[in-house]
Amino acid sequence: MSVTRLRRAQYFVALLLVLTLLRSDSTQASDAGGFISISGTRFTYNGQNVLLKGINYYPQLNPWSRMFDLWQGPDADKDMATLQGWGVNVIRVLIPYGPGYDWSAADGTVDPTRLANLQQMVQVAGKHNIKLNLTLFDFYDGNAAAGSVEEAHDFTYLRTLITPFVNDDRIFAWDIHNEPDNYATWKGGKQADAVDWLHRMANYVHQIDPHHPVTVGMANYADLFVPASDGSRVADFADFLSLHSYDAVNMAPQIRAVRQQSGKPILLQETGWPTGPTCDTTSLDYNEGAQTRVYQAAADAVLGTDVAGVVAWTMWDYIPGQSKYAGVETRDDHYGLLRRDRSAKPALAVFQQIAAPPLPSSTNTNLALTTTSLDFRPVASSGYPFDQPLYFPQTDQYIWLAFRDYWRRFGRVDVFGYPISPARLETLADGQQHIVQYFERARLEFHGEAQNQVANWNSLGKGERLLYTVKLTPLGSLAASGRNFPTAPAPSAVALAADATLHYFSETQHTLSGPFYQFWNEHQGIFVFGYPISEPHIEQASDGKPYLVQYFERERFEYHPDNPDPYKVELSLLGNDYFAQHPCPTQP
């Protein structure tokens with residue numbers, strides 16, 4: 001047997017073992033009474049109309065695809081207990097599909113470990129009388145043609161994922177795709193192809209599973225009615241219509257527009273509003289007041305329109321940078337009803353006023369809840385590492401990826417100070433947007449273009465690459481702007497021989513010597529600080545006292561004779577000064 005076949009055989013044996021354990025460990029529902037059904041425009045449970053009240057759920061520390069890569073079963077259990085206390089009876093969980101997410105093999109077979117983690121998620125939700133709306137094809141834009149090998153892989157994925165849950169009434173519904181109308185196929189004018197693929201996937205799910213309804217979460221309500229080439233629309237083959245609306249003003253009109261064209265239940269499957277980043281709280285209305293207004297609109301929609309349920313986006317605020325692999329803070333880090341410190345935002349009180357009944361399930365399992373070490377750092381095929389950021393309680397900030405590595409390797413607190421902002425995009429002197437992050441003594445810039453500009457890039461080590469890709473903003477030059485520092489003559493040979501630390505830089509016509517030279521030389525010199533742009537002289541520092549200082553392109557050195565060695569040389573807090581002058585980036 002070849003190595004490939006052996007691995008494939010081992011993969012299927014592991015999958016069968018997981019499926020066997022899931023079946024043997026569960027008490028299956030005796031009938032369909034525990035399932036959510038549909039009657040006209042309403043959802044029903046045990047023959048009674050029921051309102052669904054839910055949360056799009058990701059854990060606080062590992063959202064998005066990291067949720068199952070770095071699975072934390074006990075944390076999910078605690079979160080479900082919290083949601084039960086809020087009156088939540090449904091959560092939506094999104095599964096990433098396709099290359100780079102490791103949820104399935106090349107042929108579509110679901111990874112046994114992630115399937116087992118999902119079963120734990122179903123178990124802890126059911127324990128707290130919460131059912132799951134499971135999105136099947138998140139982050140995917142394949143739209144395989146009918147009869148193709150790729151379609152067969154999609155079917156294999158659906159079959160191996162759904163089969164363990166066919167008789168499980170802890171599942172509320174299957175959601176084929178999350179916002180397919182936001183992907184390139186749809187936006188590129190091939191809406192009919194996308195709807196056709198969605199239709200085929202929905203039909204296949206119905207073949208596999210007769211108990212659970214099927215839907216498609218659309219970003220734009222009008223796209224529910226866009227036809228495929230055969231005339232079929234999402235509104236036709238979905239069992240209920242999932243609407244995403246973050247618009248407090250137009251939410252109710254959007255729901256009414258959908259109702260005019262369909263008699264099926266309408267689920268407001270996503271709604272919410274971000275409360276950050278800080279620089280957008282005013283300019284883009286990303287603040288807690290605006291969030292509260294959106295939730296009030298959703299609550300009013302439950303009372304004033306024929307909506308069968310509302311699902312909030314989302315439970316938690318995330319670590320700034322969690323939602324972008326580059327570590328850049330975005331609005332997606334700030335949609336939570338809970339802040340990062342676990343305190344409640346005002347919108348939570350509005351959400352809790354929506355009354356919905358608990359939804360117990362007949363199916364029960366007793367799987368052990370597992371955890372994945374947060375030091376686990378595989379590199380997915382997409383190239384994104386699951387590295388953890390550095391956290392600094394002194395300033396409540398994080399450093400990610402290249403900035404983290406640069407900070408650690410080339411100076412830490414002594415050179416750069418603590419971070420005082422999240423990473424963000426700013427337009428720099430080259431007219432391009434770059435990722436930057438402010439520190440007490442510096443601003444770091446990320447220049448990914450360096451890998452295409454440095455001739456011997458492939459032969460460089462990690463530290464050498466960092467010196468090209470991460471640069472310090474010339475805060476020293478900016479602080480000295482408008483000052484005309486006198487230049488220095490080149491030292492004589494006698495002077496150079498008498499002081500081994502004395503160096504002259506013809507590029508700027510300035511000297512460097514003594515403790516300043518030693519500090520400069522020990523911390524990568526030109527790469528980190530640039531050339532000296534003044535001679536040493538006396539200036540008043542931020543503490544109001546006079547010190548010997550010297551300006552460099554990217555910093556200002558201060559000599560504090562009363563400090564113990566090796567801390568007599570300190571760097572000025574130019575990062576603090578510059579950030580105070582530029583608290584928000586200039587819009588490009």
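The legends below describe an overall view and several close-up views of a predicted model.

Residues are numbered from 1 along each chain as its sequence is written. In this predicted model, local features need pLDDT of at least 70 and side-chain atom pairs count only at pLDDT 80 or more, whereas totals for chains, interfaces and linings use all residues, and side-chain values use heavy atoms, with hydrogens and water left out.

**View 1. Overview of the chain, with its 19 helices and 25 strands.** Helices (H or I, at least four residues) and strands (E, at least two) are DSSP runs, numbered from the N terminus. Taken along the principal axes, the C-alpha atoms fill a box of roughly 95 × 65 × 45 Å. Of the 588 residues, 55% count as buried, where buried means under 20% relative accessible area, exposed over 50%, and partly exposed in between (1.4 Å probe, protein chains only). Among contacts (heavy atoms within 4.5 Å) between residues at least 6 apart in sequence, 67% join residues at least 24 apart.

**View 2. The disulfide between Cys279 and Cys584.** A disulfide is a pair of cysteine sulfur atoms within 2.5 Å, and by this rule the count comes to one, with an S to S distance of 2.3 Å between Cys279 and Cys584. The torsion about the S-S bond of this pair is about -95°, so the disulfide is left-handed. Cys279 lies in the loop between strand 11 (266-271) and helix 10 (288-304), and Cys584 in the segment after helix 19 (574-581), so the pair ties together parts that are 305 residues apart in sequence. Cys279 is partly exposed, at a relative accessible area of 23%, and Cys584 also counts as partly exposed, at 37%.

**View 3. Ile91 and the largest nonpolar core.** A nonpolar core is a set of buried Ala, Val, Leu, Ile, Met, Phe, Trp, Tyr and Cys residues joined through side-chain atoms within 4.5 Å. Of the 92 residues in the largest such core, Ile91, Met121 and Ile176 touch the most other members, while helix 7 (residues 191-208) gives the most to this core, with nine residues. Apart from this core lies another, of 32 residues, among them Val415, Leu512, Phe552 and Val569. Ile91 itself lies in strand 6 (residues 90-96) and is buried, at 0% relative accessibility. Not counting residues up to four places away in sequence, the residues that Ile91 touches include Ile55, Tyr57, Met80, Leu83 and Met121, and also Lys131 and Asn133. The C-alpha atoms of Ile91 and Val122, which are 31 residues apart along the chain, are separated by 9.9 Å.

**View 4. Helix 12 (residues 401-410), a mostly covered helix.** Eight of the ten residues of helix 12 are buried, including the aromatic residues Phe403, Tyr406, Trp407 and Phe410 as well as Arg404 and Asp405. Gly411 follows helix 12 and has a positive phi, near 155°.

**View 5. The surroundings of Glu535, in the loop between helix 18 (525-529) and strand 22 (537-540).** Leaving aside neighbours within four places in sequence, Glu535 is in contact with Pro486, Ala488, Gln509, His510, Thr511, Val549 and Gln550. One of these partners, Val549, is 14 residues from Glu535 in sequence and 8.3 Å away in space, C-alpha to C-alpha.
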